[in-house]
Amino acid sequence: MQVSDTHGVSVTAERLFAYTYGILAQPAYAETFWDELELPPPRLPITRNPSLFARVADLGTKLLRLHTFGERFTETGSGESVPQGSARCTKPVSSAEYPTDADYDEENQVLRVGEGEHAGRFEPVPPEVWEYSVSGMQVVKSWLDRRKAEASGKRSSPLDDIRPEQWEFGEELLELLWVVEHTIALEPEGAMLLEEVRASSLFTADELPKPTEAERKAPQNAPGEQIDLNL
């Protein structure tokens, strides 16, 4: 039995990926299946309910659009701007030199980038946005650390040393803050959908088609060409 046959609609690779992201990208998924995740890979519960599948895929589409900064999974395919959040740049970071540090004032919800009178200000930045982490990595702090005068973090290649002569990441920082804010706002919906999926009738592994060795390899399709997974 195949997903498309059961749902009565064609399930494309993109739609399945969006559904997968809508499930696996939720903190509730890791919290619920903490013990099971000690043995990789992650298990994906696929619901037989077509309307529930569509709701999870729609959520995954929103998250993918956010996490690619509007470059993927857009309605037009031409890219979209990141939706604005609450944070604003109330004082630009001095571009005269790269900042050596960043400081977060939790009481006033202010993120300062730089030192003294040259420090830029971004506010309001709620504590949950500042503290948001993925796999133990504090996202905003890590992003800033890689853009300080003495950049920290893992170097993947000599290309990491190529940077603008002046600090010009204010707009990118704002977009990152907005992305994290919107991601957190979607977490309750994701947790609710996960519970609905768990309570629904699910496909078993034996009911799904087994990929061939050729299908397990990275696709060599032309740009823009869709992949038919025959689900």
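A residue counts as buried when its relative accessible area is under 20%, as exposed when that area is over 50%, and as partly exposed in between. The structure discussed here is a predicted model. On this scale Asp-58, at 38% relative accessibility, is partly exposed. Arg-15 falls in the partly exposed class as well, with a value of 28%.

These two residues are a pair. The side chains of Arg-15 and Asp-58 form a salt bridge, with 2.9 Å from N to O. Arg-15 belongs to helix H2 and Asp-58 to helix H4, so the contact ties together parts of the chain that lie 43 residues apart in sequence. Side chains of opposite charge can pair when their charged atoms come close.

The whole structure holds 9 salt bridges. One of them sits within a single helix: Asp-145 and Lys-141 meet at 3.0 Å, N to O. Both residues are in helix H6, which spans residues 139-145, and their spacing of 4 residues puts them about one helical turn apart. The two partners fall into separate accessibility classes. Asp-145 has a relative accessible area of 16% and is therefore buried, since the limit is 20%. Lys-141, at 36%, is partly exposed. Elsewhere, salt bridges with shared partners link Asp-103, Asp-105 and Arg-112 into one network. Within this network, the side chains of Arg-112 and Asp-103 meet at 3.0 Å, N to O. Arg-112 is partly exposed at 27%, and Asp-103 is partly exposed at 41%.

The next feature is a pocket. The second largest pocket encloses about 560 Å³ of space. Its lining is made of 24 residues, and those closest to the pocket centre are Ala-25, His-67, Tyr-132, Ser-133 and Val-134. Several elements each supply two or more lining residues: helices H2 (13-24), H3 (27-32), H4 (50-67) and H7 (170-199), together with strand E5 (133-134). Helices H2 and H4, which carry the partners Arg-15 and Asp-58, are thus among the elements that contribute to this lining.

Which element gives the largest share of the lining of the second largest pocket? Helix H7 does, with 6 residues. By residue type, the lining of this pocket divides into 17 nonpolar, 5 polar and 2 charged residues.

Terms used:
Residues are numbered from 1 along each chain as its sequence is written. This is a predicted model: local features need pLDDT of at least 70, side-chain atom pairs count only at pLDDT 80 or more; totals for chains, interfaces and linings use all residues. Side-chain values use heavy atoms; hydrogens and water are left out. On a 1 Å grid over the protein atoms alone, a cavity is a set of points where a 1.4 Å probe fits but cannot get out, and a pocket is an open set with protein on both sides within 12 Å along at least five of seven lines; lining residues have an atom within 4 Å of a point. Grid points are joined across faces, edges and corners, and a volume is the space filled by probe spheres set on the points. Ala, Val, Leu, Ile, Met, Phe, Trp, Tyr, Cys and Pro count as nonpolar, Asp, Glu, Lys and Arg as charged, and the others, Gly among them, as polar. A salt bridge is a side-chain nitrogen of Lys or Arg within 4 Å of a carboxyl oxygen of Asp or Glu. Buried means under 20% relative accessible area, exposed over 50%, partly exposed in between (1.4 Å probe, protein chains only).
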